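The following exercises ask the reader to work through a structure step by step. Please attempt each task before reading its solution.

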Amino acid sequence: ICALILATALAAPAGADDWPHWRGPQRTDITIESSRWDDGAWPLGDPAWTADVGVGGSSPVAGAGRVYTLGRRDDEDLLECRDAVTGGMLWRRSHPCAKYGRYHKGDEGQYYGPSSTPALDLETNLLYTLSIDGDLNCRDTAREGEHVWGLNLYEEFGIGQRPDVGGGRRDYGYTTAPLVYGEWLIVEVGASAGNLMAFDKRTGERIWASECTDPAGHTAGLVPLEVEGVPCVAVLTLHRLLVARLDPGREAETVAAYDWETDFANSIASPAAHGDSIIITSGYSQSRSARVRVTLAGAELVWESDQYSKVCTPIIHGGHVYFAWRKLTCLDWKTGKLRWAGGTFGDDASAILTADERLIVLGNRRLALCESATLSPNTYTELALRQGVGSARCWPHVALADGRIYARDLDGHLLCFDLAP
């Protein structure tokens with residue numbers, strides 16, 4: 001029953017051609033759409049349209065023929081809704097917001113504006129945004145973004161500055177994308193009352209808070225998974241991998257915790273879940289990847305690899321683990337051994353695995369199409385490349401919906417490439 005609840009909660013609201021939240025329909029960066037590579041050609045072409053959506057690291061989301069972006073301009077956070085085909089503005093909502101979180105510390109030249117990716121609930125047409133300064137808002141996309149409910153996490157829960165965990169204090173504000181799960185919106189708050197909190201997605205009423213009370217990490221998104229048939233959620237807090245239960249009556253209980261603390265508080269890539277295991281990866285004092293097996297009794301290490309990603313969350317598919325950081329890298333899922341690596345994608349990379357076993361990779365202002373290890377098991381194979389995408393770092397992750405690739409950079413340049421014009 002719990003497995004069915006998890007599958008329904010994650011799969012039912014998202015249409016096959018939508019990209020409604022962080023990392024796509026199942027939050028895995030895996031899509032049922034094709035790359036549309038055919039007879040030695042990739043129909044990328046020039047952008048179908050471009051737009052200035054405001055600065056920030058928030059990734060675009062798309063659903064029901066619309067594209068939503070969260071950015072910052074003129075001292076305000078902007079939520080904008082555009083037609084997916086033409087890029088035409090349908091509506092815009094804004095609210096005053098700081099450029100950084102109120103306790104910001106360190107690396108201000110590397111980021112600014114909202115970092116958290118919105119969550120679109122296609123069941124209710126509600127869209128949830130989290131600003132870098134802790135403004136959690138719910139808006140009705142069926143009513144041109146009309147405000148439904150909202151609160152500020154700093155003020156509501158007495159959040160302070162993150163502690164120094166080595167290498168010098170860092171605090172980048174709120175970065176983690178919320179998760180719509182059934183009737184809940186789950187958010188990494190990082191309060192003394194609980195690291196994770198669930199709110200009624202329609203009213204904003206707080207439902208529960210996690211046993212774990214770690215400060216919030218600087219990771220990109222929450223991860224749904226099953227542990228021995230029990231629905232759970234995983235997150236990298238400031239101090240560790242946390243896996244918490246979501247089943248009725250035991251929600252918020254800690255299933256497993258695995259210590260993972262990174263200098264500069266920079267465990268940026270989300271955990272990636274598959275089967276009974278989670279892949280964790282980060283740089284700095286860690287500079288490694290690890291596969292951790294999770295049971296209801298806790299977590300244990302399966303393997304470690306000296307290959308790692310600082311920003312891109314791993315993709316797990318077909319007995320392989322992929323991530324794009326400087327190079328597109330493929331590891332063996334069972335052993336962690338390197339299969340191949342190649343390309344030039346910089347620090348700011350992300351990737352999507354398509355149904356025809358290819359990888360769309362964005363990074364270093366380069367948009368590439370590459371073969372997966374299913375088609376090219378022993379070597380990196382690049383099929384097509386377009387350079388000069390955007391003009392700044394591509395911290396926002398690439399998205400694919402209804403045959404359209406959405407590539408956005410930190411300075412707010414959004415490009416839409418139509419693969420099936």
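## Exercise 1: A strand and its two neighbours

Strand 15 and strand 16 form a hairpin with three residues between them. The model is predicted, so local features require a pLDDT of at least 70 and side-chain atom pairs a pLDDT of 80 or more, whereas totals for chains, interfaces and linings use all residues. Residues are numbered from 1 along each chain as its sequence is written, and side-chain values use heavy atoms, with hydrogens and water left out.

**Task.** Describe how strand 15 pairs with strand 14 and with strand 16, and state whether the residues of strand 15 are buried or exposed.

**Solution.**

Step 1. Fix the terms. Strands are DSSP runs of E with at least two residues, and helices are runs of H or I with at least four, both numbered from the N terminus. Two strands pair if DSSP finds at least two bridges between them.

Step 2. Examine the side of strand 14. Strand 14 (residues 223-227) runs antiparallel to strand 15 and is joined to it by five bridges. Within this pairing, Pro 224 has Val 233 as its bridge partner. The two strands form a hairpin with two residues between them, and Glu 228 in the turn has a positive phi of about 50°.

Step 3. Examine the side of strand 16. Strand 16 (residues 240-245) pairs with strand 15 in the antiparallel sense over five bridges. Here Cys 232 has Arg 245 in strand 16 as its bridge partner.

Step 4. Assess the burial. A residue is buried under 20% relative accessible area, exposed over 50%, and partly exposed in between (1.4 Å probe, protein chains only). In strand 15 (residues 230-236), seven of the seven residues are buried. Val 230, Cys 232, Ala 234 and Leu 236 point one way, while Pro 231, Val 233 and Val 235 point the other way.

## Exercise 2: Two open sheets

**Task.** Give the strand order of the sheet that contains strands 2 to 5, and explain why one side of each edge strand is left without a neighbour.

**Solution.**

Step 1. Recall the principle. Strands of a sheet pair through backbone hydrogen bonds, either parallel or antiparallel.

Step 2. Read the order. Four strands form an open sheet in the order 2-3-4-5, with antiparallel pairing. Strand 2 (61-63) and strand 5 (89-96) each have a single partner strand, so one side of each lacks a neighbour in the sheet. Neighbouring strands are turned by 20° against each other on average, direction ignored; for such angles, axes are lines fitted to C-alpha atoms (for helices over the stretch in contact), and angles run from 0 to 180 degrees between N-to-C directions.

Step 3. Look inside the sheet. Strand 3 (residues 66-73) and strand 4 (residues 76-83) run antiparallel and are joined by eight bridges. Leu 70 stands opposite Leu 79 in strand 4.

Step 4. Repeat the analysis for another sheet. Four strands form an open, antiparallel sheet in the order 10-11-12-13. At its edges, strand 10 (179-181) and strand 13 (206-209) each pair on one side only. The twist averages 30° from one strand to the next. Three bridges join strand 12 (residues 194-200) to strand 13, and Met 197 has Ala 209 in strand 13 as its bridge partner.

## Exercise 3: Charged pairs

**Task.** State how many salt bridges a search of the whole structure finds, and describe three of these pairs.

**Solution.**

Step 1. Side chains of opposite charge can pair when their charged atoms come close. A salt bridge requires a side-chain nitrogen of Lys or Arg within 4 Å of a carboxyl oxygen of Asp or Glu. The search finds 32 salt bridges.

Step 2. Glu 80 and Arg 73 meet at 3.9 Å, N to O. Glu 80 is buried at a relative accessible area of 1%, whereas Arg 73 is partly exposed at 26%. Both belong to a network of salt bridges that also links Asp 52, Arg 82 and Arg 92.

Step 3. Asp 247 and Arg 245 form a salt bridge with their closest N and O atoms 2.8 Å apart, and both residues are buried.

Step 4. Asp 402 and Arg 404 form a salt bridge at 3.4 Å between the closest N and O atoms. Asp 402 is partly exposed at 41%, while Arg 404 is buried at 11%.

## Exercise 4: Cysteines

**Task.** Explain why Cys 81 and Cys 416 form no bond with each other.

**Solution.**

Step 1. A disulfide is a pair of cysteine sulfur atoms within 2.5 Å.

Step 2. The cysteine sulfur closest to that of Cys 81 lies in Cys 416 at 14 Å, which is too far for a bond. The structure holds zero disulfides.

Step 3. Cys 81 is buried at 0% relative accessibility, and Cys 416 is buried with a relative accessible area of 0%.
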